[in-house]
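Work through the exercises below with the sequence and the model open side by side. Each task is followed by a solution in steps.

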Amino acid sequence: MTYILYRITPTFPADPELLRSINNLHLAAKALTSKRRHIFHPRDGKKREQEMGNSALELVNFFRGDVHGTELLIRTLHGRLTAMRRRFTRLLAKMEHVHLDVSGLLASYGRLSAAEQSAVLISADFFNIWQAASVDTPLNQLAKANRELQALLSTQDLAAGRAPSFPETIGHHDKLWLPHGNGHLSLECGAWAHVPGNVIGGCITIDFDSPMAVASVATSGVLSRPARVGSEIERQTVVSKLDQALQSVSEAFPAWGTMIRTFVARIVIRFTRESSEPQPGGIASEHATSAPGIIRFADVHTTAWTPAVCAERILHEAMHNFLACWEDTNGSFCANSPLYRAVSPWTGNQIPNTSLVHAAFIYYACYQMFTRFQASGPSPQRNDPSLASLRERFAMGFHVAPVLEDQLGLEDPPRQDVCTALAAMKADVIERHGKGVGDRLQGDEQPGIVVLYSDAVDPVVLDLRREAPEDMRYIHIDDLIEASGPATTSGLSKHLLRALAADVQGRVVLNRLFKLDGTRTESRCTERKVDVAWVHVDLLPVLHRAGRLIHDPGPDGVSRSRLPLNLQWLLLRKRGIRTPDFKFGVGETAINARDFRDPVRVDSRALDRWPTDFRLQSVNGPNAFVVDVPAGTPLIVQYSGSGRCTTPTPLMGDAVEAEMGRIIAACRTSFKSEVGEIRMYIGDQSEVLFYSFNPVLSTTFRTDTFLRSLEAQEANPPSEHAYA
């Protein structure tokens, strides 16, 4: 059995002012040995909330680069140390409660120096021991935690040159790995000798060979990959790339370099590919909340890890560690729900709510850093061909989401300081990036309808062309491309966009830009190495001039008209409308659906399909989304404006009609769509259950009714608060 040892030297940065302050904080750890019982106080939620008084706005200032941030870093690290000391105390109290002898642990802990005590408390090893025993655990689990703590403290003794407090935990080994990967201890001639590892920044270990680095972890995006042994040349390439990246970040923003050296102690490296092999899965890096101070990278030696990518990744993952510590002190940015997850405007993926807030801070900082790299950065980053496209990617999410907090899947309103911080970062990026959304011009209301579409065989557009009035104008997204001339980020012609802005001013605009697959516009984005979401960003100032816009602009998941099922259900449940029961898995975790009458795993983005269409799928799978199929008769209803375009059926009694009107009103407001189709179930007792909203209208489109509705909307524009 291999035991983990703590590194011999502390992991703190070489910033003298910060180091002195941290050393003063270490002294407080000694109180644990003398007043253990007085530290353990159950805390009520209100008192805890009062203690967490620091605003998320201080993070905006720090990641804007306006402040040095020394006091912020000290306070955040102190907060993590205090939290872990409290957890240690509670763990000891729990052990005493089941009559385990902790006197040896206390004596061993008391012999450690203040710096060593802090190193133990904020380590990933102690965090894992505490986490495993943090719930109501049986005696054998607490006994295991006791033994693991003994081993941790004994190896800390051995690493410092002292006799181990619990020699039996060391066993008969001739090689002991240090936990941060900083080499290992080798037993030579009866004495332990330190064999150092690779270090960057004076204190961050690059770990290639420790048990953690070579382990297979199914839930990890990095450690689940099959490992191979990297050559010496490949290892030196990794060390050189990451050292250069850390230096580049530190030169651009010295305070951020201090943050990285403070909150990252170890970078675990996984080799899976040869240097010349492509990386079809993209860049792989991660942090794990269960391993504070550790980040993981895969295949840094390959050409995909350019200088710009290395700088972004090391800042990106270090910020996750720092922000997790900040939340430990100041409270979580927002609630996380296994059912309702945020949609990232950068990737379109559903992620935990706090991860979206992390992403906003991280991409905001990366945008600042890459802006500085472009202006006066180190030559490796400034000359990196990927620099410009990465900077565009960081900015894109701030542009494409009208209100970042609206992307969160929250049942209760988020913290006000978090909302203010998100708005401040969005406004700053939009101002610097020069893509603000212009106000709609007053007056000059014009008759007519403009149809903006992307699918050449869109059935709605084809029907309208056959039966609609001649003054209706149709514009395919590819009509906005020119072979030459000034172009936007996505490649749309600036000249043609200005002309389109004049055409849509004051008119009804039917936005049918649902998918860009197969268009020349998509190919243009690929050539320019930018996300197709930039097409929606470039069109926002134009669509904002419409007298009435039918369907919220933006890509899937970001547009309010095309939210995934679980977020549609969240919005309508808030309005008192019945929706299906469901469960949302995390990773490969199996779903327990025994309490469901008819469980089916569905695609949460399949807005135009019934759950029974997925009947053949296994209930379990990656991030499984399982719905309890509602009882009742399925029905599709199309609406336009406040009117229903579906022919009444015998199912529709007065109660059903009334509830259907409530659902239509909720969909118009919640999904910002004046037109759409709704899937619902009608129960035996005339109860109505909403299933999905879909703006595509491919199922029940009726041209005559639709045209009358459009003409009515053209004549009667909505009030200012129509989408409140």
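**Exercise 1. A helix and its surroundings**

Which residues are buried in α22? Decide from the list how the helix sits in the protein.

Solution. The model is a predicted one. Burial here means a relative accessible area under 20%. Going along α22, the residues that meet this cut-off are A533, W534, V535, H536, V537, D538, L539, L540, V542 and L543. The helix spans residues 533-543, and 10 of its 11 residues are buried, so α22 is largely enclosed by the rest of the structure. As background, 55% of the 724 residues of the protein count as buried.

**Exercise 2. Two helices in contact**

Find the angle at which the axes of α12 and α13 cross, and classify the arrangement.

Solution. Two packed helices are described by the angle and the distance between their axes. Take α12 as residues 232-252 and α13 as residues 254-263; their axes come within 5 Å and cross at roughly 135°. That angle makes α12 oblique to α13, because angles over 145 degrees would be needed for roughly antiparallel.

Next, list the residues in contact. From α12 come L246, V249, S250, E251 and A252, and from α13 come P254, W256, G257, I260 and R261. Sorted by class, this contact holds six nonpolar, two polar and two charged residues.

**Exercise 3. A three-stranded sheet**

In what order do the strands of the open sheet that contains β15, β16 and β17 stand, and which of them are at the edges?

Solution. The order is β15-β17-β16, with antiparallel pairing. The edge strands are β15 (582-584) and β16 (599-601); each has a single partner strand, so one side of each lacks a neighbour in the sheet. From one strand to the next the twist averages 20°.

Now check the pairings. β15 is joined to β17 (residues 625-628) by three bridges. Within this pair, F582 stands opposite V627, and F584 stands opposite F625. β16 also pairs with β17 in the antiparallel sense, over three bridges. Here V600 has V627 as its bridge partner. V627 therefore faces F582 of β15 and is the partner of V600 of β16, as expected where strands pair through backbone hydrogen bonds.

**Exercise 4. The faces of β17**

Are the two faces of β17 covered or open?

Solution. In a regular strand the side chains alternate between the two faces of the sheet. On one side of β17 are F625 and V627, and on the other are V626 and D628. These four residues are all buried, and both faces are covered.

Notes
Residues are numbered from 1 along each chain as its sequence is written. This is a predicted model: local features need pLDDT of at least 70, side-chain atom pairs count only at pLDDT 80 or more; totals for chains, interfaces and linings use all residues. Side-chain values use heavy atoms; hydrogens and water are left out. Axes are lines fitted to C-alpha atoms, for helices over the stretch in contact, and angles run from 0 to 180 degrees between N-to-C directions. Angles under 35 degrees count as roughly parallel, over 145 as roughly antiparallel, 65 to 115 as roughly perpendicular and the rest as oblique. Contact means heavy atoms within 4.5 Å. Ala, Val, Leu, Ile, Met, Phe, Trp, Tyr, Cys and Pro count as nonpolar, Asp, Glu, Lys and Arg as charged, and the others, Gly among them, as polar. Two strands pair if DSSP finds at least two bridges between them. Buried means under 20% relative accessible area, exposed over 50%, partly exposed in between (1.4 Å probe, protein chains only).
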